[in-house]
Amino acid sequence: MKKLMMFAAFAALPALAGAETWTNAAMVDVSCSAKAKADPDAHTRACALGCAKSGFGILTSDGSFLKFDQKGNDETLAALKKTNKKDHLRVTVNGERSGDTIHVQSVKL
């Protein structure tokens, strides 16, 4: 029984090993990601909503842009529709990075 419990604990590790958290990251839509890089906090909610079909992502502290998967896009769009923020769109994202895409577990505006 003890060996079975240890196996179960180790089997769960690979699923958790790739999870990352990005805190206070600048959120922008894909269409505006290049031009928003210079001043992401000036990127407006209205623009993000207007460009929502392109998808969303974050600008990282090193200047990279990471796109969200469909779940992340859906959650971000819902959060944008609920918020009264006009700009300075910062998020906390939990997920697993694969290349330049984040497979989002959660995103909070």
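How many helices and strands make up the secondary structure of the protein? Show the whole chain as a cartoon and count four helices and five strands. What you have open is a predicted model. Follow the chain from the N terminus, and the elements come in the order α-β-α-α-β-β-α-β-β.

**Confidence**

Colour the chain by pLDDT. The mean for the protein is 89, and 84% of the residues reach 70 or more. Now select residues 4-16, where the pLDDT is below 50. Beyond near neighbours in sequence, this stretch makes one contact in the model.

**The barrel**

Next, select the strands. Five of them close into a barrel, in the order E1-E2-E3-E5-E4, and the pairing is mixed. From one strand to the next, the twist averages 55°.

Both senses of pairing can be found at E3. Select E2, residues 56-59, together with E3, residues 65-68: this pair is antiparallel and has three bridges. Across it, Ile58 stands opposite Leu66 of E3. The hairpin of E2 and E3 has five residues between the strands, and Gly63 there takes a positive phi near 90°.

Now keep E3 and add E5. These two strands pair in the parallel sense, over two bridges. Which residue in E5 is the bridge partner of Phe68? Click on Ile102, and you have it.

**The core**

Keep Ile102 selected and show its surroundings. Not counting residues up to four places away in sequence, Ile102 touches a list of residues that includes Trp22, Ile58, Leu66, Phe68 and Val93. Ile102 also belongs to the largest nonpolar core, which has 16 residues. Ile58, Phe68, Val93 and Ile102 are the members with the most contacts inside that core. Each of the strands E1, E2, E3, E4 (90-98) and E5 supplies at least two of the core residues. A second core, separate from this one, has five residues, among them Ala26, Val28, Ala36 and Phe65. In soluble globular proteins, nonpolar side chains tend to be buried together.

For the protein as a whole, 34% of the 109 residues count as buried. Contacts between distant parts of the sequence can be counted too: of the contacts with a separation of 6 or more, 66% join residues 24 or more positions apart.

**Helix H4**

Select residues 70-82, which form helix H4. H4 lies across E1 (19-29), E2, E3 and E5 (101-108), and it runs at about 30° to E5.

Two residues of this helix are worth showing as sticks. Is Asn73, which has a relative accessibility of 13%, buried or exposed? Asn73 sits in H4 and counts as buried, because 13% is under the 20% cut-off. Leaving out residues up to four places away in sequence, Asn73 touches Gly55, Phe56 and Phe68. Phe68 is also one of the core residues named above.

Move along H4 to Lys81. Lys81 has a relative accessibility of 57%, so it counts as exposed, the cut-off being over 50%. Lys81 touches Arg45 and Leu49, again not counting residues up to four places away in sequence. Arg45 is 36 residues from Lys81 along the chain, yet the C-alpha atoms of the two are separated by 8.8 Å.

**Two cysteines**

Last, select Cys32 and Cys47 and look at their sulfur atoms. Why is there no bond between the sulfurs of Cys32 and Cys47? The sulfur of Cys47 is the closest cysteine sulfur to that of Cys32, but the 3.4 Å between them is too far for a bond, because a disulfide needs the two sulfurs within 2.5 Å. Cys47 is therefore in no disulfide, and the count for the protein is zero.

The two cysteines also fall into separate accessibility classes. Cys32, at 3% relative accessibility, counts as buried. Cys47, at 25%, counts as partly exposed.

Key:
Residues numbered from 1 in each chain as written. Predicted model: local features only at pLDDT ≥ 70, side-chain atom pairs only at ≥ 80, totals over all residues. Heavy atoms only, no water. Buried < 20%, exposed > 50% of the residue type's maximum accessible area, 1.4 Å probe, protein only. Contact = heavy atoms within 4.5 Å. Pairing = 2+ DSSP bridges. Axes fitted to C-alpha atoms, helices over the stretch in contact; angles between N-to-C directions. Core = buried A, V, L, I, M, F, W, Y, C linked by side-chain atoms within 4.5 Å. pLDDT = per-residue confidence, 0-100.
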